[in-house]
Every structure is written in structure tokens, then in C-alpha cells.
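Let's take a walk through this protein together, one feature at a time. Have the structure open in front of you and follow along.

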Amino acid sequence: IRCWSNIPFITMPLSRAHGKSFAHRSELKHAKRIVVKLGSAVVTRGDECGLALGRLASIVEQVSMLQNQGREMMIVTSGAVAFGKQRLRHEILLSQSVRQALHSGQSQLKDMAIPVLEARACAAAGQSGLMALYEAMFTQYSICAAQILVTNLDFHDEQKRRNLNGTLHELLRMNIVPIINTNDAVVPPPEPNSDLQGVNVISVKDNDSLAARLAVEMKTDLLIVLSDVEGLFDSPPGSDDAKLIDIFYPGDQQSVTFGTKSRVGMGGMEAKVKAALWALQGGTSVVIANGTHPKISGHVITDIVEGKKVGTFFSEVKPAGPTVEQQAEMARAGGRTLAALQPEQRAEIIYRLADLLTDQREEILLANKKDLEEAENKGRLALPLLKRLSLSTSKLNSLAIGLRQIAASSQDSVGRVIRRTRIAKDLDLEQVTVPIGVLLVIFESRPDCLPQVSALAIASGNGLLLKGGKEAAHSNQILHHLTQEALSVHGVRDAVQLVNTREEVEDLCRLDKLIDLIIPRGSSQLVRNIQKAAKGIPVMGHSEGICHVYVDTDASVEKVTRIIRDSKCEYPAACNALETLLIHRDLLRTPLFDQIIDMLRVEQVKIHAGPKFASYLTFSPSEVKSLRIEYGDLECCIEVVDSVQEAIEHIHKYGSSHTDVIITENEKTAEFFLQHVDSACVFWNASTRFSDGYRFGLGAEVGISTSRIHARGPVGIEGLLTTKWLLRGDNHVVSDFSEHGSMKYLHESLPLPQRNAN
């Protein structure tokens, strides 16, 4: 955070030393001194007569919160004219109604016309009321506000500039929020000359230029300009091809077409951009955003300061590579080209990637070693996450085998006909598989996830955006490079993109026009955060892996300890590891039960007792705080049930619909369990760890889904496909099938084409 001089203003130079604006949105959280400019469209109601009190209250709340965090907040506000217009119209109507009632009777009241009100008079009538409103609102947060009215002359007169600057500094020093407005009651017409020509000259024609001038004069870190549009678009908002510009750089204005100005106010978007660029040149960062949208206006200012992707951010630093929006568009175009390839060509790309994983083994392991050393030095990763981060020769060999399985099984995945119907004579309908579109896969600590997911996306013809954790940056970089090398075999290098910008996950989840499906791979907290942040984009995954093993009365002694050990101890951090062990009551105090407890102790598994289990013991392990816990470590809960039915009810109440197992030799009991447990994966006499795409023969998986729509369980190629309908006719129209038409519906099922035997 920048430091501010304590020298009295009168001894400070008038021109600000050319400071440096923030290069990235993520740095905005360090902004100390902030100017918030409220446009007329933000402050006024839709009828332009009166103030939008709800929006103003929300803005004051956000400014107060930032002020109470120790920041120095200033507001440049419009609204005096609108507030004054409301008051004067009321007075005129009241005056006219009294006069007409005295002279003409009530019948002529409805014909009263309100004269056009002069803006300066409205401003004079509205300024005091506007300030009184601000004072009342800020008082609710124990913050004092002060009004300052300025004109262009106050900036051109050197002594007045000194006085203004000194006043503002003193107010900020006393923790008072200055509220600045142009003195519209006396303001002269704007001067035609000296329009934004250089750092030291800017005409105060409107509140946009006033805010920019003030921001530079006061050496502010951030200027937030709120208007009635989301930000700056590459063409007028509302036009078909208009796209919101996330980051705007000096020199880009030639590529932008400006539309008309807002419904009220002096300046349009062109004036805002000129003012913003002038402020940026003076060292102040600028964001233009929407302050009127009901869904975001309640937190738009705080979101901007937190670095979230809101509105248009003005920056002098151009990134080295493409923006994430450009990457998503490249992935979509590349994905469509990928889907148009022959199945053999897509398989060839995957085979090539599998070969590269083994051929470039040394380079991959060297990059992974850097990640491991950095993680260990910083001490920011727990041991289970370090294990996930680590790559080895055996892991790379397994990856290559899995990728070859994907290549072999993907021959007829895209474009496969799954239904054929003859609607009528010469009118045939087909349902065929097609890619979903652009996938966003967000993963933590697991670089081996990158080639797995890439291969599945390639096989299914999807474009892919990958967002890996910082802890695996070196590993991800080389694995992505090898993936693009493999894609280059058929000229589709751009189909798989690795997001390396400072993009926050929450911002990526808002790209609903560019991303079709989000797949999180990581902790339950990561999945929950993404499910919460996703705006209009479906999320495939599971937030928790609370897997159960139920030991029935008819369980085999030889199978029980093997299956439980493998389920819990083989990889306790995995989402398909055992977390709750359900024991039939009749097995308590039997040799089998003792063997289970002894095995868990030998494996150093910490046991937590469920309420019923604790009630059977004189000295029990620590009672579990909740029966809905994913430990992700050498810990588990043991609970007692009276029957298979009670086990099923427990799983439905406390489980996460991931993977649940029964150990029994009774086939009838087992089938009852398999049919009645409502989870993505239900096993009989097998470890929970089999819940995996590779072990299922899918080659790999993008994740395990516990949702009930589209895909469930380990998700391979099939889960990354959707369908479309193809109708082939010959001059068919619906009217031919009417009651008196010449054609009849047949709706005959047709045989499917023979699938590839390979």
C-alpha cells in the first residue's frame, strides 16, 4: 500500500509525480485511496425525476464498509438536478392546482402542463436535499460526510486548486468522506479547448472529467466509474456482436465503436473512456462498471476492490498471451475442428500423447521435482496433497496405458447413431452423439489429471480449458506443451488451453457464454466453492466422498479385513476411500469384529465411534462429532446397525451418493443392497477403491459425478458427449399430416448401423 506525504499541501508540488497504476485486477485490493463516481443514471430513477434511494443506500453501505477498513473514500456524485427537478415539479403542481382550483374549478386540473425546468434552477433546488440524504445515510454507519461543490475554474486557478486539494486532504485525514459535485447552479458552458490534452490539462465538462481530474490531483489509487452499462463494449451495447471488454489498454479506442450517451447525464461512454485514459496516464487505475443492475449493484464496489472480474479494467500493461476469453474462443474453434476429424485421427493424437509421456519422462519428472521442492520449502501442502502432486515413472507408465485405452475405445464415440426412427415415408430421424462444447476443468495438486482429461476431451471432440493449481505450475506447463505437440499432428493445437493468467476461479465460473460445462477435480471445499460460484454453467462432480462399507452377519472372515484395509488404507486421501464402517449388531464381540479392530490399529487408523456404537462400549473411542464427515486421512467412523435395511437408511441419510459397499455371502441380501442403495456406485464384496475410470476400463476419468442428470459415477468419454437430432426429408411440411392431409405418421424404429468391431 502506498504511503502518503504528511507535508502540508501548500508546500507540495501541484503536478503529481507520474505514478504507476495497478497492472492487474488482483492488485486492486491494495488500493488505499479510492474515488467512486456515480453517474446520473445510477443516482436517478428511471423516470429521471427523483433519486433511486435503494441503489444509493447500497452504494453508501459499500463505501462505508471500505472506509471502515481504513481506506480513504471519495464520492463524485450526480443527482442534484434530478432531485431538484422532483422538488420543483412538486412545487409547480401544487401551485398550479391551488390557482386553478380557485379560478377554474377541479375539472381543469387534469389538463395542467408542467413547464420545461431549467437545469441550473433544478440543481440549486436539489443540492441541499441530495447532501442531506447522503448525510443521513452515512450517519447509519457512524461516518461523517462533507460536501464540496466545484467548477472548471477551480482547477484552472492555481490558488483555488491549492485550497481544494488542502481541504480534501484535511477531510480524509479526519476520516470524513468528501462528496464532490460540479456546482451545476452556476457552472458555465464547457470550454471547447483543452479537452484532455496531457496530464496537466482536462476540462471539467461533466462528472466523468471531474472524477478523473480529482483522482489525479489527489493521487488516488483507484477510480471506479459507475454507469448504467456493464462496462466498455467493442461495439454499442445491445448490438448483436457486442462483447464486454474485460481489460482496456491505451491505444485500443480505435477498435471501439461508441454508441449514444446514457438516458441522463452530460457524458456518454466516449467521455468516460477519455477521462479514464487521462486518469490512467496520471497513475490512477480505473474500472468502469454497472451500478444499476439489481443483481450486482449491492456489491459492485466491493467486488471491484476485491479484484473480481466486474466491468472494464483499464491497464497500461498488456499480458504476454491471450486473455482467458480469447483462450475459450480458441478452444471452441479448435474443438469444432477436432470433432470434424476422423475417429482414427483423434485416436492418433492420443496415441502420440501417450508416447510423449514416456519419451519425455525425464523432462516431466524434472519439472515435477521443481514443484515438489517449492511446495516443501513453502510448507503450504499437507502430506496427502504432496503425494497427489508427485509424479513417478510408474505413474507416467500407467498414464500412458490409460491413454492408449482411451484411444482404442474412442473410435465411434462422436457421431454414433443411438436411435433411428422413420417418421413417415422418406422422412427419417436420427439421434447422434456430439461433443458438449467447451469444458473447463479446474484441478488441484494433481498434474497427472492434465493428460488424462486432455485425452478424454480429444476423444470426445470437446474444446478444453485447464486451470491447475499454482503448486503444480512447472509440471502442468510441460504436460500442456506435450499435449499441444500431440494436437499439432492434425493441426488442432488450440483445442486444449492452459489458463496461466491471474484469473480467479470465481471469475472463470462467470463465463457462461464461453464455457458449457465445469468439472472440478480437488477437495470438497473446492467443489463446493465452484458450485456456488458457477453462474448459469452446469457443474459436474461431487462435493464429498463419504463412502460406506457395510459388514453383514453373513460376511466372509477372509474377505472382510482385506476389503476394509484396501478401502481405507490403500489411498486414504482419495474421494473413493472408506470413511464410515457399518457393522451389523450381531457381529459385536465376535472374533471377526476383533480382527477388524486389530487390523485398523495395526494400520494406525484412528477410530471415531458413532452414537450407537459408543453406547455398546464401556470405554469407547472418541465419539464422532458428525456422521457426515469425509476424513481424507487414516481415520474412520464405526457405527452399528441392526439390519441391511437400517444400513441403507443410514447411507441415504449421511452418505454423499458416491460409493457404498456390502460385504456378505448372502446373495439375496447383497442384491437387496445393490438395488436399494441410491448411490453412483454400489459394490458387493469389492473395495470402494474400484470406483475409478481407469479401473472401470474407461481409460481415465474427468471425475466422479454424484449428480442425477446426464452422467453419474466415474465419467469417461460417454459423459462428455450429448446428442443432436438429424432429420432427413424430401419436401415434407407439417400441414401434410393434418386431419385432411395426404400423409400419415409411421414412427417406425429402424435398425442401428453396425458399430466398429474394434
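What volume does the second largest pocket have? About 1,200 Å³. Before going further, keep in mind that you are looking at a predicted model.

Let's stay with this pocket for a bit. There are 45 residues lining the second largest pocket, and if you want to find its centre, look for Arg388, Arg446, Arg521, Tyr571 and Ala574, which lie nearest to it. Sorted by class, the lining comes to 14 nonpolar, 16 polar and 15 charged residues. Several elements chip in with at least two residues each: α13 (383–389), α14 (393–409), β14, α18 and β21 (703–705). Of the shares in this lining, the largest is the one from α14, with five residues. And where does the pocket sit? Residues of its lining come from both domain 2 (324–417 + 433–533) and domain 3 (548–701), so the second largest pocket lies between those two domains.

Now for the largest pocket, which holds about 1,700 Å³ of space. Its lining is made up of 42 residues, and the ones closest to the centre are Leu244, Lys309, Glu325, Arg510 and Leu511. Here the split by class is 13 nonpolar, nine polar and 20 charged. Domain 1 (25–93 + 117–187 + 205–314) and domain 2 each give at least three residues to this lining. If you'd rather search by element, β6 (247–248), α10, α17 (505–508) and α18 (524–533) each supply at least two.

Some of those elements lead us to a sheet. Four strands make up this open sheet, in the order β13-β12-β11-β14, and they pair in parallel. At the edges you'll find β13 (496–498) and β14 (517–521), each with pairing on one side only. On average, neighbouring strands here are turned by 20° against each other, direction ignored. Zoom in on β12 (residues 463–468) and you'll see that it pairs with β13 in the parallel sense, over three bridges. One of the residues to look for is leucine 466, whose bridge partner in β13 is leucine 498.

Which helix packs on the sheet, touching β11, β12 and β13? That's α10 (residues 324–340), whose direction makes about 140° with that of β12. Another helix to look for is α15 (residues 449–460), which lies across β11, β12, β13 and β14 and runs at about 165° to β12.

To tie things together, α10 also helps line the largest pocket, while β14, an edge strand of the sheet, gives residues to the second largest one.

Key: Residues numbered from 1 in each chain as written. Predicted model: local features only at pLDDT ≥ 70, side-chain atom pairs only at ≥ 80, totals over all residues. Heavy atoms only, no water. Pairing = 2+ DSSP bridges. Axes fitted to C-alpha atoms, helices over the stretch in contact; angles between N-to-C directions. Contact = heavy atoms within 4.5 Å. 1 Å grid on protein atoms, 1.4 Å probe; cavity = no way out; pocket = protein on both sides within 12 Å on 5 of 7 lines; lining within 4 Å. Points joined across faces, edges and corners; volume = space filled by probe spheres on them. Nonpolar A, V, L, I, M, F, W, Y, C, P; charged D, E, K, R; others polar. Domains from an automatic or database assignment.
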